[in-house]
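Visitor: Before we begin, I would like each label tied to a value and a cut-off.
Guide: Then let us take the labels one at a time.

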Amino acid sequence: MFSWLPQLNPQVRILAWGRFLSEIGTGFTLFYAPIFFVNQVGLSATEVGLALGSASISGILGRILGGLFSDSPKWGRRPTLLLSSAISAVASLVLAITVNFSTLVLGNLLSGFGIGLYWPATEAMVADLTEGEQRREAYAVTRLADNLGLGIGVILAGALIGSSGTYRLLFVIDAISFVVFFAVVYLAIQETYRPSPSREEREGNNSSMQGWVAALGDRRLVVFVLVNVIFTTYVSQIQSTLPLYFSKTGFSAIAISGLFSWQMIVAILGLMPASRVLRRFSHPQALCVSALLWAMGFILIWVTGVAEFGHLAWAILGMGLFAVATVSYTPSASSLVADIAPSNLRGVYLSINSLCWAAGYAIGPTLGGYAMDQNRSIVYGFWVFLALSVIVTIGILQYLDRILLKHN
């Protein structure tokens, strides 16, 4: 499946396969959960937005522990991934039986914690197995596996909903996918963290705290955190706000499924070409390109709602731009953090990077859900506001680029 891709460590390829299988299950629920909980369970868009955002509360704890566990000689990357998979499977089963707001919050809290544990460990594992320019390509390959899995999951979920309308089964399938990922990690993935015994003995129990102090004292990382929270807020709109917006605009469930399938197809086809084209740029410059694409996409989504005709065509264009914007962002962002992180603190640095996703997914669904419950002018103006925010994003990226040049 990945034979035409860059030659990478076999463990990276196995990890990519595991992520591919896991993301198929995630694709079953990712875009349909908001619609299900609003239209069938009967919760308001604001309640669903708050519940989805609550995952970021536990996600913060999960990411902090994920970074600490990943850098711990007593844990490491592999056991952290196993724990993450087990918790995520339970979370999906809780969401499958959700009938009210409190159960929805519980399921999302468990889901957020499992996801929080997952990202620092898997990103650190990729960094351990690669170096230099190969690292950006390795992150691109694993993201490609994610997108392939999500795309297949979205298509299969759309077909299942179209034929049976059984939304709850989607969450059961998601739980099964986490069990499959657990099996892949347990049977085929080796531990990649190799701590120095002398350093462990010297630093003792204070090593974790010292790692966080060192990371938070790195100005490059702190500035990146500011801009990365904005980017993750953008990404969260695709998964939480856009399904509700398209539903309000009058698109059917099948049309919405088609739009998200299209977005995934563009992401899959565009990820490796985008990664190779952006190789000539520094990481901040590549992220500026992504920011401009996000702005253009938000404008097209605004046009989708206000145009007198061609709503579907504008939505298709907007989703295509979001796909290219996403694949321009994710490999560069992960590579930037892995490149500036000391080898013994990769888990902590990538934990902080992952915390940006927790923050973005706390802000994005809550803000978007609130906007979707307001009058038409706010519903449509929300996308214009997001497009204008890109000015701030690019300003921070320019400043970060200057800092990195001085440091080098």
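**Labels and their grounds**

Guide: This is a predicted model. The protein chain has a mean pLDDT of 86, and 94% of its residues reach 70 or more.

Visitor: Where does pLDDT stay under 50?
Guide: Over residues 198-206. For that stretch the model has four contacts beyond four places in sequence.

Visitor: Why is asparagine 108 called buried?
Guide: Its relative accessibility is 7%. Buried means under 20%, so asparagine 108 counts as buried. The residue lies in helix H5, residues 101-128. Not counting residues up to four places away in sequence, asparagine 108 touches Ala51, Leu52, Ser54, Ala55, Ser58 and Leu95.

Visitor: Why is leucine 50 called partly exposed?
Guide: Leucine 50 has 42% relative accessibility. Buried is under 20% and exposed is over 50%, with partly exposed in between; therefore leucine 50 counts as partly exposed. Its place is in helix H3, residues 45-70. From leucine 50 to valine 105 the C-alpha to C-alpha distance is 8.3 Å, with the two positions 55 residues apart in sequence numbering.

Visitor: What makes serine 261 buried?
Guide: A relative accessible area of 10%. The cut-off for buried is under 20%, so serine 261 is buried. Serine 261 sits in helix H11, which covers residues 253-277. Leaving out residues up to four places away, serine 261 touches Val154 and Ile155. Serine 261 and leucine 150 are 111 residues apart in sequence, and their C-alpha atoms are 8.8 Å apart.

Visitor: How do you know that H13 and H14 meet?
Guide: Contact means heavy atoms within 4.5 Å. By that criterion Tyr329, Thr330, Ser334, Val337, Ala338 and Ile340 in H13 meet Tyr349, Leu350, Asn353 and Trp357 in H14. The contact residues divide into seven nonpolar, three polar and no charged. The axes of H13 (residues 311-340) and H14 (residues 346-372) come within 9 Å and cross at roughly 145°. The crossing of H13 past H14 is right-handed.

Visitor: Why is alanine 338 in H13 called buried?
Guide: Alanine 338 has 2% relative accessibility. With the limit for buried at under 20%, alanine 338 therefore counts as buried. Apart from neighbours within four places in sequence, alanine 338 is in contact with Ala127, Arg135, Tyr139 and Leu350. Alanine 338 and leucine 350 are twelve residues apart in sequence and 7.0 Å apart from C-alpha to C-alpha.

Visitor: And what makes serine 334 buried?
Guide: Serine 334 has a relative accessible area of 2%. Buried requires under 20%, so serine 334 is buried. Serine 334 also lies in H13. Its contacts, leaving aside neighbours within four places in sequence, are Glu123, Tyr139, Arg143, Leu350 and Asn353. The C-alpha atoms of serine 334 and leucine 81 are 18 Å apart, and the two are 253 residues apart in sequence.

Visitor: What makes a set of residues a nonpolar core?
Guide: Its members are buried residues of certain nonpolar kinds, joined through side-chain atoms within 4.5 Å. The largest nonpolar core here has 117 residues. Those with the most contacts inside it are Phe37, Phe231, Leu242, Tyr245, Phe246, Trp294 and Trp383. H13 gives the most to this core, with 13 residues.

Visitor: Which residues is leucine 242 in contact with, leaving aside its neighbours within four places in sequence?
Guide: Gln237, Phe260, Ile301, Met319, Phe322 and Trp383.

Key. Residues numbered from 1 in each chain as written. Predicted model: local features only at pLDDT ≥ 70, side-chain atom pairs only at ≥ 80, totals over all residues. Heavy atoms only, no water. Axes fitted to C-alpha atoms, helices over the stretch in contact; angles between N-to-C directions. Helix = DSSP H or I, 4+ residues; strand = E, 2+ residues; numbered from the N terminus. Left-handed = near helix turned anticlockwise from the far one by under 90°. Nonpolar A, V, L, I, M, F, W, Y, C, P; charged D, E, K, R; others polar. pLDDT = per-residue confidence, 0-100. Buried < 20%, exposed > 50% of the residue type's maximum accessible area, 1.4 Å probe, protein only.
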